[in-house]
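Student: I would like a close look at one helix and at what packs around it. Please set it in the context of the whole chain before going into detail.

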Amino acid sequence: LELGFLQYDISSYARPGSLSKHNQVYWGMGSYLGLGPSAHSMVFLPDGGIVRMHNQITVDQWMGTPASDLSLSFDRLDKQQALKESLAFGLRNMHKGIDPDYLAKRHNGELGRGFFQTLEKLKKNNWLEESGTSIRITKEGALFADAIMREILCSE
């Protein structure tokens, strides 16, 4: 902080105004397109779910025959699964945090009672803080980010 860097993500620091746009899209569950060997893409669906794609062609395979067909794998998450991921991974953005009600509407999903119980537990641990409609991970909570995300992903 002495040098003007802000921790805006669990593992990222930047000067104000220089935050990674890629990280903001990725942790905000925005759609993105990856091109080339081993590339990953994600599409946000109108029903609130998501589809992830992975080009399984390796760099070596592509260099040998760049005109070869793509070898894509697909993973589809329904709206409830995608909502849980948005809630959990959106917390990586320590500056902005998440707005659970907004995310529930965006995914056409529902916030279960277990989610709110988990939030209360995490706030009591001083791992999350609430300000208005935003919930953010605390500096202390950043040390336990994986545990926080696992708790949210496993909540009912």
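Tutor: From the N terminus on, the elements run β-β-α-β-β-α-β-α-α-α-β-β-α-α, which comes to seven helices and seven strands. The model is a predicted one. Of the 156 residues in the protein, 38% are buried.

The helix to look at is H7, residues 145-154. Its buried residues are Ala 145, Ile 148, Met 149 and Ile 152. Seen down the axis of H7, these buried residues fall within an arc of 95°, so they line one face of the helix. The face turned away from that buried side carries Asp 146, Arg 150 and Cys 154, which are exposed.

Several elements help to cover the buried residues of H7, including helix H3 (79-90), helix H5 (113-124) and helix H6 (139-142). Strands E6 (128-131) and E7 (134-137) are also part of the cover.

H7 also has a place in the largest nonpolar core, which holds 22 residues. Ile 148 and Ile 152 are among the members that touch the most other members, along with Ile 10, Leu 87, Leu 91, Leu 128 and Ile 137. Two or more residues each come from H3, helix H4 (100-106), H5, E7 and H7. The largest share, four residues, is that of H7.

Leu 91 shows how H7 is tied in: leaving out residues up to four places away in sequence, Leu 91 touches Ile 148 and Ile 152, and also Ile 98, Leu 128, Ile 135, Arg 136 and Ile 137. Apart from this core lies another one of six residues, among them Met 42, Ile 50, Leu 77 and Ala 82.

Note on methods
Residues numbered from 1 in each chain as written. Predicted model: local features only at pLDDT ≥ 70, side-chain atom pairs only at ≥ 80, totals over all residues. Heavy atoms only, no water. Buried < 20%, exposed > 50% of the residue type's maximum accessible area, 1.4 Å probe, protein only. Arc of directions from axis to C-beta. Contact = heavy atoms within 4.5 Å. Core = buried A, V, L, I, M, F, W, Y, C linked by side-chain atoms within 4.5 Å.
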